[in-house]
Amino acid sequence: MHRRVLSVGSLVATFLLTVALVGCGDNSSAGSGGEGLLVTRGAISAKVRGMDPMDIGDTTSSGMASNIFDCLYQYHYLKRPYQLIPSLAAAMPEVSEDGLTYTIKLRDDVYFQDDECFTEAGGKGRKLVADDLIYSWKRIANIKNISKNWWVFDGRIKGFDEFREYTKSVENKKDVDYARPVEGLEAVDDLTLRITLTKPWPQVVFMLAHLPTAAVPREAVEYYGDEFINHPIGTGPYRLKDWRRGSKIIMERNPTYREELYPSEGEPGDEAAGLLKDAGKRLPLIDRLEITIIEEDQPRWLKFVQGSLDIGGIPKDNFDTAISPSRELTPDLRKKGIVLEVYEDAATYWYGFNMDDPVVGTNKPLRQAMNLAIDRAEFLRLFLNNRGVAARGVLPPMIAGYDPDIKSPYTVYDPALAKQKVKEAEAKHGGPLPTIVLTMGSTDSVARQTGQWFKRSYARVGITLEVDYMDWPSAQEKVKTKSAQMYAMGWVADIPDAENFMQLFYGPNGSPGPNNMNYKNAKADALYQKLSVMNDSPQREALVREMQQTVIDDLPCVLTVHRVAFLLRYDWLTNYKPHVFGYGLGKYRNIDADLRRERVGR
C-alpha cells in the first residue's frame, strides 16, 4: 500500500499480523491426484477496517485488499534492490524531457472481477480503461469522501487541487461531477493515460504502485454506495467470497484474472533456494485464501506449532522456546520442518502526540519528560526479545538517508532529568499536569502489559497515564478525527524512499492525512518542499537529515524501535522470500501438499 500505519500496542502482535497477511497460512487440502482446490489458511490479530483503496491507510486492510486490487505498477517479487515492473500498465511510463509528463500504456487484457454491480453485462466484469484510473483518483480528491490518501496527490498534478476545491462547493458527495476535466489527468484513449505534473516528482512511479492508486470501477462504487468498503471489486488475482466481520475472510481465485506468470529470474541464490521452481506458471498458484482473526498470541501460536498455519511470528513469551541463545531455531522446531527467516523491516514505531491537543501539543517540556522516562532497552527486552534497535530518528536503517549518529538529548533514558522536566511542564501548564490518555489499538494481553509498563514508567517521574484499549479500526478512527491525545502507532515504508517518512511531518498532511500527529513547523515544511522534488543525491540526503533533526528536536512522538523480523514458516510453504514492500504477494505462494501430509497427516 501503502500508507501503512500500525497499531503497536504490541509490536509482537503487529508482526504476527503482517506476516500472516503476506504469507497466508495452512493448506487444508489439495485433493487427491491434483483434483480439488488448494486452500491456505492464515490468521491475523486485528479486525479489518475496510477494503476500499481510497480509505486504506493501515497494514491490516492493505494486506487483504492488495489481493483484490491492482495498481499500474508493482515490485518484482524476487529481485533486489527492489525493482518496479508493470502491473496494469503495459510498460514503464514514457517521461518527457522536463520530467513533468508521464504517458502510460495500459494492458488490453485486464477485466474487473465479475459482480452483480455490472448490471448491463449481466454480472460480467468489463475491461479496464484509462478513465477508471482517473475516476479512482478523483474519488480521493473529492473532499466529501474524507480520504486519508489525498497526500499522495496534493499539489502534484496540474488542475487536481482545483478539482478538490470544486468538490467543496458540492453539497452531496454523490453529486460530484467526475467527468469534470482535470488538466493533468487525460485519457488519451481507452488504453493510454497521460499525467502532467505541476513540478518534478521523482517518486511518482513508486506511488503508482501504492494501493490507494489502484483502479476501482465506478459501477461498483455507485451500486454499493458507502458499503463499497465491504464489497471490494477490483482487477486482482483474488476476489472476496465471504467476510464475517471480526471472524473470517475468505478469498477465491479470480477466474478472469489477466495472464501473469511467476518470474523466471531473480537474484543469485534464488534458484538454489527453490524460488524458481514455478517459473513461468500462471498466477495465482493458490485457489483460496482463508484468513481468521485471532486476537490473542497464544491461540495463534498453538495453531502454528500444530501445523494448522503455514507461517507465523513468535510471541514474546514463546521466543526462548523457539530461538536459541545463538539466535538460531531450536532443534525441536527444525524437526517439524519449520524454517526461520530473519530480516530488517522498513519500519519505525512510536507513540504519537496529537500536537493540536492543548496539553501535550503546547507543552514541550512535557513531551521531553515523556521521552526521557522511557527505557527503550527495557522495552526491547520485555516486549520484543531484543528483536530490533532503539529508534533515535524517524528513518529506519534500510532506507537511504538513515543516520545512525542522529542525536537528541531527550531520546535517551534519564528519569532524573525527566522529573526535572515534569516540574518545568507543570510551571508551563500553570499547575499540576492532568492525566494523559494513551489510545491503544489492541485489546490483547500483550497490549495490556505494554500499557501497564508505560503507566509505571510515567508514574516514576510524576506523570499520570490512563490507557484506553480498543480495537484497531476504532483507534484509527479516533486518530483520524484528532480525538486521541497520545496513541500507539508506527510507519512501515510504502516506497523505498526517505520522502515517504518525511511527509509524515509535513504540516499540510495533517489528519485525516498521514501526519496524524498534526505536527507543524515552518522550517520542516520548507525542507520537505525542497527534498520532495529532488532525485537522490548527497544534497537531498543533507536536507533529509536536517528535516529529521528538526522533527526530533520538537518531539512530536516518543520514538521506540526499528524492528528486525523473526518469521517462522513450514517448509511446505514454497516460493517464500521476505519482501518489505510485500503486499499482494499471495499470488506467488505455493504449497507442497504431499510434504504437508507427510509432516502433519493432512
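**Close-up 1. Helices α11 and α13 make a right-handed crossing.** This view, like the others here, comes from a predicted model. Helix α11 covers residues 376–384 and helix α13 covers residues 445–459. Their axes sit 11 Å apart, and the packing angle is about 160°. Anything over 145 degrees counts as roughly antiparallel, so that is the label for α11 and α13. On the α11 side, look for Glu 378, Phe 379, Leu 382 and Phe 383. They meet Gln 449, Thr 450, Trp 453 and Phe 454 of α13. Sort the residues of this contact by class and you get 5 nonpolar, 2 polar and 1 charged.

**Close-up 2. Helices α3 and α4 pack at an angle of about 60°.** Here the two axes are 9 Å apart, with α4 made up of residues 160–168 and α3 of residues 130–141. The pair is described as oblique because the angle of about 60° falls outside the ranges for roughly parallel, roughly antiparallel and roughly perpendicular. The crossing of α3 past α4 is right-handed. From α3, the contact takes in Trp 137, Lys 138, Ile 140 and Ala 141. From α4 come Phe 160, Phe 163, Arg 164 and Thr 167. By class, this contact of α3 with α4 has 5 nonpolar residues, 1 polar and 2 charged.

**Close-up 3. Ile 146 has a positive phi in the loop between α3 and α4.** Stay with those two helices and follow the chain into the loop that joins them, where Ile 146 is found. Its phi is near 50°, and Ile 146 isn't a glycine. For background, most residues other than glycine have a negative phi.

**Close-up 4. The largest pocket holds about 480 Å³ of space.** Its lining comes from 20 residues. Nearest the centre you'll find Arg 139, Asn 145, Lys 173, Val 221 and Asp 226. Two helices, α3 (130–141) and α6 (218–224), each put at least two residues into the lining. The biggest contributor is α6, which supplies 3 residues. Split by class, the lining comes out as 9 charged, 8 nonpolar and 3 polar residues.

**Close-up 5. Ile 229 meets a stretch of chain far away in sequence.** Ile 229 belongs to the loop between α6 and β9, the strand at 238–244. Count along the sequence and Ile 229 is 178 residues from Met 51, yet their C-alpha atoms are 5.1 Å apart in space. Besides Met 51, the contacts of Ile 229 include Arg 49, Gly 50, Asp 52 and Asp 55. Trp 243 is in contact with Ile 229 too. Neighbours within four places of Ile 229 in sequence are left aside in this list.

**Close-up 6. Pro 81 follows a cis peptide bond.** The bond in question runs from Arg 80 to Pro 81, and its omega is near 0°. Pro 81 sits in the loop that links β3 (73–75) to β4 (84–86). As a reminder, most peptide bonds are trans.

**Close-up 7. A cis bond also leads into Pro 512.** This time the partner is Ser 511, and omega is near 10°. To find Pro 512, go to the loop between helices α15 (499–502) and α16 (522–531).

Definitions and conventions: Residues numbered from 1 in each chain as written. Predicted model: local features only at pLDDT ≥ 70, side-chain atom pairs only at ≥ 80, totals over all residues. Heavy atoms only, no water. 1 Å grid on protein atoms, 1.4 Å probe; cavity = no way out; pocket = protein on both sides within 12 Å on 5 of 7 lines; lining within 4 Å. Points joined across faces, edges and corners; volume = space filled by probe spheres on them. Helix = DSSP H or I, 4+ residues; strand = E, 2+ residues; numbered from the N terminus. Nonpolar A, V, L, I, M, F, W, Y, C, P; charged D, E, K, R; others polar. Axes fitted to C-alpha atoms, helices over the stretch in contact; angles between N-to-C directions. Left-handed = near helix turned anticlockwise from the far one by under 90°. Contact = heavy atoms within 4.5 Å. Parallel < 35°, antiparallel > 145°, perpendicular 65-115°, else oblique.
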